[in-house]
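Q: I should like to learn how the features of a structure are read. May we take them one at a time?

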Amino acid sequence: MPAQRGRSFYVPRHLRQPDGTSFFPASTATFPHSDLPSFVSPHPPLNIPPRSRPSRARRDGTTPGPRRLPYGQIASPEHDLNNQEPLDEQGAADAEGSKNGSVLINLEAYEDAPVEASGADIPAPASSFDEIDLLESMNKNISRCKYEKPTPIQRHAIPIALAGRDLMACAQTGSGKTAAFCLPIICGILRNGVSNGKKPASRIACPTALVLSPTRELSCQIHDEAKKFAYQTGIKIGVAYGGAPFGLQVRNLERGVDVLVATPGRLVDMVERERVSLRMIKYLAIDEADRMLDMGFEPQIRQIVEQMDMPPAGARQTLLFSATFPNDIQMLASDFLSNYIFLTVGRVGSSTELIAQKVEFVEEKDKRRRLKDLLHARQEDGHHGKRELTLVFVETKRGADVLESWLFQNGFSAIAIHGDKVQVERERALRSFKRGATPIMVATDVASRGLDIPHVAHVVNFDLPKCIDDYVHRIGRTGRAGKSGLATAFFNSKNVALARALTDLMKETNQEVPCWLSECAEQSFDGNNSNGMSRNHRGNKFGGHDFRRGPKFGNKRNTFQSNYDYSTSIDDYNPSYVIDSNGNPANCDYDIATAQEEGAFGGQSFGNGLGYGSVEVSGWD
Ligand SMILES: Nc1ncnc2c1ncn2[C@@H]1O[C@H](COP(=O)(O)OP(=O)(O)OP(=O)(O)O)[C@@H](O)[C@H]1O
């Protein structure tokens, strides 16, 4: 329903151009509202009954209701989460990722991204799982997962990790980073003999590997993935996260654990109460490592890694993964690593071209109406038939609750997830969304990282984040594992600081940038206004970069600082190979002038406000 057409927008004084006009469009008529996604659903439509008028529905969806509903729409006053039709059979098959024994994904989509690895003596990449020296039991599990060939990050990262090297790795969202660190860890433990991590004659769990992640949901997901890779190997995978019964988790770990997947808070609690010891840790993996080392989490991570009983860097193997890695965080992260390799698939912080990105100018007061239009439009375009999922990101927990209620009042079946909800509610929301029972989820940044939900076809940034890296992770909830996806962002005068970074990211991934956004980006960026920019952005399309190659490389002040014996120093850094999209070696020297201009490192302080300022509102664990 194009309710906004023809209405003019108020443009604040500071956003007007000198001639009094605005770089924002005068009315939505000039926006691509009609320009709705040319995105083609990867799923065939279902026969869906016509939409019926909603009246009231319970927010937790626990009351009885119709079994089959149009996309996101409530057909009767009440609906039952449990009785609702989940994804149909085809959907279930897709979710399993299999058909005729092969994975229904297009991994070729990741082949275009240039791969760059830097550091000393880099192990060669492998072209197939067979070529990687994983054990027979693990190869069987890889086949069971229907992984036919490794993704680029897996091809490069697994041999590096199997060679025992520390690694800082960056690759696009949805490109298979979880397996890239889980497989070599499990294989390494198997090669050295399974210990089933229990201190003899004691109730203290002593895992061999620790995987840290920022949210409870992500820890559960990694735990599930790792269990698949460790199936029938004898390796025990355990999980520890807040909001769930402490005693139950401890009792499970007491039975023995080789790989412990944990959120930092619960882990600290367990170590302090002497239920877990980190003294046997041989492998430390940190997923979403930039988030984990940003201001909110860094003290806790340092406590775990440096002040508890974990062996120091060099005595353990450390693997850090993320899709984004700002330079200042890379520098912090290097404290935890020894003689490491820096590996990137695509530019650090870049997105994937699988995601069609749309940016629309929408004033605050018009956002709800526009969201409603978008949800209806997908229905009318026939995208609703397969219970495609829509994830709507908002800035605050309260905003999530309010929007959830409003969607319900307007007949949409939506559920909110944020950090103020108790864990049972969070899990219920996620489960209901994943099953397709509640096809719209309103979320804060608690759902922005790592979550792998196969049918998310549309991500709406109802409120844009302050930092482009957060945007990259949010839109990365769609367009995963080779599938295409759509991301729509509502932009207005509150988001001007993000315009430049957003424009650059969109251009880099061959997206159409609206003229008004380009103009806004040009005018808002005066060289000082770098808000919203990723801290490693350097405007270079090719490759990512290792902060050790920055302008201060060679400056003793930047020699890595640590309590432990680091063999890595700026002096023995030795960039070894750069591979372009055709697999050929390429030259990708770091442009010092550009780096200095953009404050590659040292240029911006850690407290520059560009980090994850939404910690308070987003409910990280
Ligand atoms: N080699 C492979 N073949 C087929 N599917 C794969 C392969 N590797 C991973 N996948 C699938 O791709 C999906 C995305 O993987 P994963 O969640 O590890 O991505 P990610 O890179 O960690 O994303 P994010 O940056 O959002 O955390 C998962 O469903 C996973 O099972």
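Q: How many aromatic pairs does a search of the whole structure find?
A: Two aromatic rings form a pair when their centres lie within 6.5 Å. In this predicted model, a search of the whole structure finds five such pairs.

Q: Which residues do ring pairs link into a cluster?
A: The cluster consists of Phe361, Phe491 and Trp516, joined by ring pairs.

Q: Which ring does the charged end of Arg273 sit over?
A: For an arginine, one looks at the distance of CZ from the ring centre, which must be within 6 Å, and at its direction relative to the ring normal. Here the charged end of Arg273 sits over the ring of Phe246, at 3.9 Å from the ring's centre.

Q: How many residues surround the ligand?
A: A residue is counted when one of its heavy atoms lies within 4 Å of the ligand. The ligand is surrounded by 23 residues, and the closest are Tyr147, Lys177, Thr178, Asp452 and Arg480. By class, the shell holds seven nonpolar, nine polar and seven charged residues. Domain 1 (90–348 + 537–565) and domain 2 (352–524 + 584–614) each contribute at least three residues to this shell.

Q: Where do polar side-chain atoms of Asp452 lie relative to an oxygen atom of the ligand?
A: A polar side-chain atom of Asp452 is 2.5 Å from a ligand oxygen atom. For Arg480, a side-chain N or O atom lies 2.7 Å from an oxygen atom of the ligand. Gly176 contributes through its backbone, with an N or O atom 3.2 Å from a ligand oxygen. Of the 640 Å² of accessible area that the ligand has on its own, the protein covers 92%.

Methods:
Residues numbered from 1 in each chain as written. Predicted model: local features only at pLDDT ≥ 70, side-chain atom pairs only at ≥ 80, totals over all residues. Heavy atoms only, no water. Polar contact = N/O pair within 3.5 Å; in protein donor to acceptor, adjacent residues only side chain to side chain. Areas by Shrake-Rupley, 256 points an atom, 1.4 Å probe, with all protein chains shown as cover. Nonpolar A, V, L, I, M, F, W, Y, C, P; charged D, E, K, R; others polar. Domains from an automatic or database assignment. Phe/Tyr/Trp six-rings, centres within 6.5 Å; stacked < 30°, edge-to-face > 60°. Lys NZ or Arg CZ within 6 Å of the ring centre and 35° of its normal.
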